[in-house]
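Please open the model in a viewer and keep the selection tool at hand. The stops below proceed from one selection to the next.

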Protein chains: 2
Amino acid sequence: MGKLTREAVVEQALGIGSAEGLQAVTIRRLAQELGVTPMALYWHFKNKEQLLIGMADHLVEGFVITEDYDRPWWEQLRELVTGLVKVLRHYPCAAAVLEEVDHMTVPSFLRVWDTALGLAKQAGFSYEESCLISKYLLQGAIALAAGPLNRRSGLSDQDAAEHLRVKRLGLQSLPQDVYPHIVEMATPLCEGGTAELYDTFGVDLLVTGIETLAARVHRD
Amino acid sequence: MGKLTREAVVEQALGIGSAEGLQAVTIRRLAQELGVTPMALYWHFKNKEQLLIGMADHLVEGFVITEDYDRPWWEQLRELVTGLVKVLRHYPCAAAVLEEVDHMTVPSFLRVWDTALGLAKQAGFSYEESCLISKYLLQGAIALAAGPLNRRSGLSDQDAAEHLRVKRLGLQSLPQDVYPHIVEMATPLCEGGTAELYDTFGVDLLVTGIETLAARVHRD
DNA sequence: ACCTGAACACCGTTCAAGT
DNA sequence: ACCTGAACACCGTTCAAGT
């Protein structure tokens, strides 16, 4: 049995979170799984928030940003988003973790953010606009990563399929006069499209708006 | 003292959540505030999740959707987003509530979603694209509503200002060689820009991407 | 430096019982 | 129909103490 290191704790936490959902990641549960007392964890992390930050940091550390000053900013932005989405797909609970922590406190995420900020400025946006754009872009990337594997973590595949069926039937049995489109599109709404849709159309959706606005800024 | 009605519970919950943050909204706390036993709430709500859904529904019910079939879809989409953002600004905890519940379970939110779906289809997108677009748009609107009043609810204005100052100093004292842009833009990043920026540029950012992609779809 | 034991102040929820 | 009392099975966290 290896020592109780920060890394081991974080990886165990990501394991539990990915297998059973983030709500199953509990100090006490984690300690039990690691064969240790709950308070042992408080030696390595000040509190649960710091543990979550550690998880988030570990996730995003897997993403190495390739900076290429010769290529136009929009290509780099696109690659930044796709790269982030890809790395977050490694753990089913990744997006959930990043939605729970303050991004500003996650060093590896700050690196991604810094790159996005630089590219936004390079595109000609003001300081404040660049801040908004980068926030929007990274938040969008996280949402894309959370999307397609609609992963109700913590359920078997069979239960998940049943859950999906119930959800779809719920939508389909809504009053058609008040929710016409929802009823009509119940199936694609629940199944959420293929991962490919998210990685191409989804990323396009995020980046295209920025490109168009950048062109507008340059015209003024 | 009025009776213990669903509405009263939901409004009290929104009050606590707005004043002290959503994490302060607890069954027991809520009961105490209402002068009642915790289990009394279980008569009106099956569990806490249903209470949150009730809160979300109450919030979005305040938004009356104006459908105008004579105006182009993009104007209607824009109005849908701005309207939603505006109504969510009534309660500081609104965005937090909507981030916590499954949107599919909130009737009033489904009405907004249905409208967005219809407009997306009208713009010429496929079923699956429309689903993705509507999800993206509504999620973006919620993020915009959460944005500018960076409302760490539960703190006095003075404490909030102090919290902001600490956060900014934290960013500014980062190593400048690894986070150059973050350090440079620490102030706008923390202060988050004016509400106006969010309501104009932010909405533009969301809608413009859709418009551009729609034009592309029509060309094919 | 690293971990344990015992305790505190909370949670959500169930179930039987009251009126 | 609407609410209470008592109990269960959990949380995160602190603090003193052990090695």
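## First stop: DNA strand D

In this predicted model, select Ile27(A) together with DNA strand D: a polar backbone atom of Ile27(A) is 3.1 Å from a phosphate oxygen of the strand. Next, add Tyr42(A), which places a polar side-chain atom 3.0 Å from a phosphate oxygen of DNA strand D. Then cross to the other chain and add Trp43(B), where a polar side-chain atom lies 3.3 Å from a phosphate oxygen of DNA strand D. Three elements each give two or more residues to the surface near this strand: helix 2 (27-33) and helix 3 (38-44) of chain A, and helix 3 (41-44) of chain B.

Now widen the selection to every residue near DNA strand D. There are 14 such residues, and the closest are Thr26(A), Arg28(A), Lys48(A), Thr37(B) and His44(B). Colouring them by class shows eight nonpolar, four polar and two charged residues. On the side of the nucleic acid, select the atoms of DNA strand D within 4 Å of the protein: 60% of them belong to sugar or phosphate, and the rest belong to bases.

## Second stop: DNA strand C

Which residues come nearest to DNA strand C? Of the 14 residues around it, these are Thr37(A), Met39(A), His44(A), Thr26(B) and Arg28(B). Among the atoms of DNA strand C that come within 4 Å of the protein, sugar and phosphate account for 60%.

Three contacts with phosphate oxygens of DNA strand C can be displayed in turn:

- Thr37(A): a polar backbone atom is 2.9 Å from a phosphate oxygen of DNA strand C.
- Trp43(A): a polar side-chain atom lies 3.3 Å from a phosphate oxygen of DNA strand C.
- Ile27(B): a backbone N or O atom lies 3.1 Å from a phosphate oxygen of DNA strand C.

Helix 3 of chain A and helix 2 (27-33) of chain B are the elements that give two or more residues to this surface. The largest share, four residues, comes from helix 3 of chain A. By class, the surface near DNA strand C comprises eight nonpolar, four polar and two charged residues.

## Third stop: the annotated span

Select residues 26-45 of chain A, which an unreviewed UniProt entry lists as "DNA-binding region". The span is 70% helix and 0% strand, and its end C-alpha atoms lie 13 Å apart.

## Fourth stop: the axis between the chains

Superpose chain A on chain B. A turn of 180 degrees with a shift of 0.0 Å along the axis lays chain A on chain B with an RMSD of 0.0 Å. The two copies are therefore related as by a two-fold rotation axis. To locate the axis from chain A, select Gly209(A): its C-alpha is the one nearest the axis in that chain, 1.7 Å from it.

## Last stop: the second largest pocket

Finally, display the second largest pocket, which holds about 350 Å³ of space. The elements giving two or more residues to its lining are helix 4 (48-61) and helix 7 (107-122) of chain A, together with helix 9 (157-172) of chain B. Helix 9 of chain B gives the most, with five residues. The lining has 18 residues, and Asp102(A), Met104(A), Thr105(A), Val166(B) and Lys167(B) lie nearest the pocket centre. Coloured by class, the lining has eight nonpolar, five polar and five charged residues.

Notes. Residues numbered from 1 in each chain as written. Chains lettered and ligands numbered in written order. Predicted model: local features only at pLDDT ≥ 70, side-chain atom pairs only at ≥ 80, totals over all residues. Heavy atoms only, no water. UniProt positions renumbered as here; feature names shortened; annotations may be inferred. 1 Å grid on protein atoms, 1.4 Å probe; cavity = no way out; pocket = protein on both sides within 12 Å on 5 of 7 lines; lining within 4 Å. Points joined across faces, edges and corners; volume = space filled by probe spheres on them. Nonpolar A, V, L, I, M, F, W, Y, C, P; charged D, E, K, R; others polar. Near = heavy atom within 4 Å. Polar contact = N/O pair within 3.5 Å; in protein donor to acceptor, adjacent residues only side chain to side chain. Least-squares fit on C-alpha atoms with pLDDT ≥ 70 in both.
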